[in-house]
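Student: Could you take me through one part of this model in detail? I would like to see how a pair of helices meets, and what surrounds that meeting.

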Amino acid sequence: MAGRGSGMRRAREVLRSGDEVVPERSMWRRATAVVAVGGRVRHEWWVLAGGAAVALLGESVLPLILGAAGVPLIRRVRRARDARLAGERRATAVIALCGALAGEVRAGRQPGEALRAAAGESESGLAGGAGAGLGAARAGVLAAARFGGDVPGALEEAAREPGAQGLLGLAACWRVAVDRGAGLVAGLERLEGALRAERDQRADLRAQLAGARSTSVMLAGLPALGLLMGSALGAAPLKVLLHTGAGFGCLVVGGVLEGVGVCWALRIVRGAEER
């Protein structure tokens, strides 16, 4: 709601007549403003907001403290997810770079010129493809290709970025082809095929493990569903958990077991994915 219809709204504003009145215009603007603000809020701050809501309902400051303590944990999880997605984008960009470089060399360009052209083509065609694949060392690689420097060394330096390990294979192909006169196109095509097969295998494994991961997360949310059902039945579970000794002990033990179970299940899934 916040972003996809912006072009259509601009077109309506430009093309509508001056005396035309749109009744739902103000309401639509308020709704999109709320959604836009919600989209800009980081996920970890929703944990604090949820803790504050539970603290008001349970008339205790403990949920607010737990929500504040969960903010750095959720931030760490979010950053790990962003790093994983960035690594996947780099891996895809390396595959695109290998394919574009093979096409440029097959068209008759010299390896250095082909590398510069392939990097520029991937960057424009994939929204920063080659730039994301080469990472911070992109300028060094292109400078080495332009001025006859150590291109394999620059590629190996760029391969230190997470997800860009395929550049090690590109560096090996470059070293063998340029220094020893072997065919660069054949090596690049084989490298592209191998990297693409590895990416597809990882995606297939992640899809197979998605069920186990979602099941563990769903089971972790069942206690919250139990609290909601208890509140609906009038049992006041929050007051029991937060204002009685036995309830507080059950809350501590249950929270510890819940955290250990979730970490254990996700660790099993992550270990299978890494293998």
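Tutor: Happy to; here is a close look at one helix pair, with a little context around it. Keep in mind that this is a predicted model. The chain has 13 helices and 0 strands, and 28% of its 275 residues count as buried. Among contacts between residues at least 6 apart in sequence, 55% link residues at least 24 apart.

The pair to look at is H4, residues 62-106, with H10, residues 184-220. Their axes approach to within 9 Å, crossing at roughly 155 degrees. Because angles over 145 degrees count as roughly antiparallel, H4 is roughly antiparallel to H10. The crossing of H4 past H10 is left-handed.

On the H4 side, the residues making the contact include Arg84, Glu88, Ala91, Val94, Ile95, Cys98 and Leu101. From H10 come, among them, Leu184, Leu188, Leu191, Leu195, Arg199, Arg202 and Arg206. Sorted by class, the contact between H4 and H10 holds 12 nonpolar, 2 polar and 9 charged residues. As for spacing along such a face, an α-helix has 3.6 residues a turn, so residues three or four places apart point the same way.

H10 also has a link to H13, residues 245-274: the buried residues of H13 pack against H10 and H12, residues 237-243. Those buried residues are Gly247, Val269 and Gly271. H13 itself has 30 residues and spans 43 Å from its first C-alpha to its last, close to the 44 Å expected at 1.5 Å a residue.

Methods:
Residues are numbered from 1 along each chain as its sequence is written. This is a predicted model: local features need pLDDT of at least 70, side-chain atom pairs count only at pLDDT 80 or more; totals for chains, interfaces and linings use all residues. Side-chain values use heavy atoms; hydrogens and water are left out. Axes are lines fitted to C-alpha atoms, for helices over the stretch in contact, and angles run from 0 to 180 degrees between N-to-C directions. Helices (H or I, at least four residues) and strands (E, at least two) are DSSP runs, numbered from the N terminus. Angles under 35 degrees count as roughly parallel, over 145 as roughly antiparallel, 65 to 115 as roughly perpendicular and the rest as oblique. A crossing is left-handed if the near helix is turned anticlockwise from the far one by less than a right angle, and right-handed if clockwise. Contact means heavy atoms within 4.5 Å. Ala, Val, Leu, Ile, Met, Phe, Trp, Tyr, Cys and Pro count as nonpolar, Asp, Glu, Lys and Arg as charged, and the others, Gly among them, as polar. The expected span of a helix is 1.5 Å times one less than its number of residues. Buried means under 20% relative accessible area, exposed over 50%, partly exposed in between (1.4 Å probe, protein chains only).
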